[in-house]
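Trainee: I would like to work through this structure with you. Please take the cysteines to begin with.

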Amino acid sequence: MRDITVFSGSAHPELAEEICAHLGTPLHPVQVHRFANDVLEVQLQANCRERDVFLIQPLVPPTQENLVELLLMLDAARGASAARTTVVLPHYAYARSDKKDAPRISIGGRLVADLMVAAGASRVLAMTLHSPQVHGFFSVPVDHLHALRELAAHFRQYDLSNTVVVSPDLGNAKEAAAFARLLGTGVAMGAKQRYSDDRVVISSVIGEVAGKDVIILDDEIAKGSTVIELLDRLREQGVRSVRVACTHGLFSGGALERLGALPEVEEIVCTNTVPPPKPCDKLTVLSIAPALAEAMRRIHDGESVSALFDTSP
């Protein structure tokens, strides 16, 4: 491809390399220098002048370091006279800070979006934002992809005749319903209340799950507290088997080990929007590099990206 230049930050270079392999374009190097006072300096090691620049950087731990690195990459591309700079954001960690649900708290999702635009972002390509309103936090165009098609393609290998998709909460119900349509299954959801980052209570499950093979679908699994709480309710209702699926498999604080140790959990499926954890017998990691590469190609060529949002079977 001509007139396209792709760079990756330090967060997930393996994903960037895979994306570039699908695009058939090189991944250009980025030099990151840390001064004695702990300040970062970024240099893009390829020509950006009047080119279509893509910067690939999920916001994963160390999240603040990776965010500042991305902002510096954006500033460097703007200073190098890039024609357009698109942030490829496989995981937007600050999307969870999307509302004011307590006095005097910040709304980080909007603030960080403003920082990216101020630093020079012309466009954003994101994958499975935590909630729909986060899309509106950006004052530049956003192409918001999801991983439902990749997840559905994986689960179609199983007998789904007795399967129901379960969302842990009402907030993810729309995505769960779309996923159920792709699989041709029923859908149910949990009635969840969150009291802190790692304390949630699911009082009941709305929908028919007794004797069913369940696929729990969530956008992100960090500590796994929501999924473990939901599993307690599903166990009480006598489900036959459980598989867990998410887009962003962060699995912090030993979450993967805790989930994998539960006998009713047959499989845990995530995508590689974030660096995958250590291999586990029950873990399956799907690649979203082809979807991101196709979206980048369409953005570069001025083609519609909306077909990639389709959730029809």
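Mentor: Cys270 counts as buried, at 1% relative accessibility. Buried means under 20% relative accessible area, exposed means over 50%, and partly exposed lies in between, with a 1.4 Å probe and protein chains only.

Trainee: What should I know about the model itself?

Mentor: This is a predicted model, in which local features need pLDDT of at least 70 and side-chain atom pairs count only at pLDDT 80 or more, while totals for chains, interfaces and linings use all residues. Residues are numbered from 1 along each chain as its sequence is written, and side-chain values use heavy atoms, with hydrogens and water left out.

Trainee: Back to cysteines, then. How many disulfides does a search of the whole structure find?

Mentor: The search finds zero disulfides. A disulfide here is a pair of cysteine sulfur atoms within 2.5 Å.

Trainee: Why is Cys20 without a bond to the closest cysteine?

Mentor: The closest cysteine sulfur, in Cys48, is 13 Å from the sulfur of Cys20, which is too far for a bond. Cys20 is also buried, with a relative accessible area of 4%.

Trainee: And where is the nearest cysteine sulfur to Cys270?

Mentor: That sulfur belongs to Cys246 and is 5.3 Å away, and Cys270 is in no disulfide.

Trainee: New topic: salt bridges. How many are found in the whole structure?

Mentor: There are 18 salt bridges. The term covers a side-chain nitrogen of Lys or Arg within 4 Å of a carboxyl oxygen of Asp or Glu. One of them joins the side chains of Glu220 and Arg96, at 3.2 Å from N to O.

Trainee: Which parts does that pair tie together?

Mentor: Glu220 lies in strand 12 (residues 213–221) and Arg96 in the loop between strand 6 (84–89) and helix 3 (108–119), so the pair ties together parts that are 124 residues apart in sequence. Helices (H or I, at least four residues) and strands (E, at least two) are DSSP runs, numbered from the N terminus.

Trainee: Are those two side chains buried or exposed?

Mentor: Glu220 is buried at 14% relative accessibility, whereas Arg96 is partly exposed at 32%.

Trainee: Please give me another salt bridge.

Mentor: Glu267 and Arg243 meet through their side chains at 3.0 Å, N to O. Glu267 is in strand 14 (residues 265–271) and Arg243 in strand 13 (residues 241–249), so this pair connects parts 24 residues apart in sequence. Glu267 is buried, with a relative accessible area of 7%, and Arg243 counts as buried at 17%.

Trainee: What else does Arg243 do with its charged end?

Mentor: The charged end sits over the ring of Tyr158, 3.9 Å from the ring centre. For that description, NZ of Lys or CZ of Arg must be within 6 Å of the ring centre and within 35 degrees of the ring normal.

Trainee: Which residues join into one salt-bridge network?

Mentor: A good starting point is the pair Glu303 and Arg297, whose side chains form a salt bridge at 3.2 Å, N to O. Salt bridges that share partners join Glu294, Arg297, Arg298, Asp301 and Glu303 into one network.

Trainee: Since Tyr158 has come up, how many aromatic pairs are there?

Mentor: The whole structure has three aromatic pairs. In the pair Tyr92 and Phe138, the ring centres are 5.7 Å apart and the planes are at 50°, so the pair is tilted. Rings of Phe, Tyr and Trp (its six-membered ring) pair if their centres lie within 6.5 Å; planes under 30 degrees apart count as stacked, over 60 as edge-to-face and the rest as tilted. Tyr92 is buried at 3% relative accessible area, and Phe138 counts as buried at 8%.

Trainee: What angle do the planes of Phe155 and Phe179 make?

Mentor: Their planes are at 80° and their ring centres 6.1 Å apart, so that pair is edge-to-face. Phe155 lies in helix 4 (residues 148–155) and Phe179 in helix 5 (residues 173–183), so parts 24 residues apart in sequence are tied together. Phe155 is buried at 0% relative accessible area, and Phe179 is buried at 0%.

Trainee: Where does Tyr158 fit in?

Mentor: Ring pairs link Tyr158 with Phe155 and Phe179 into a cluster.
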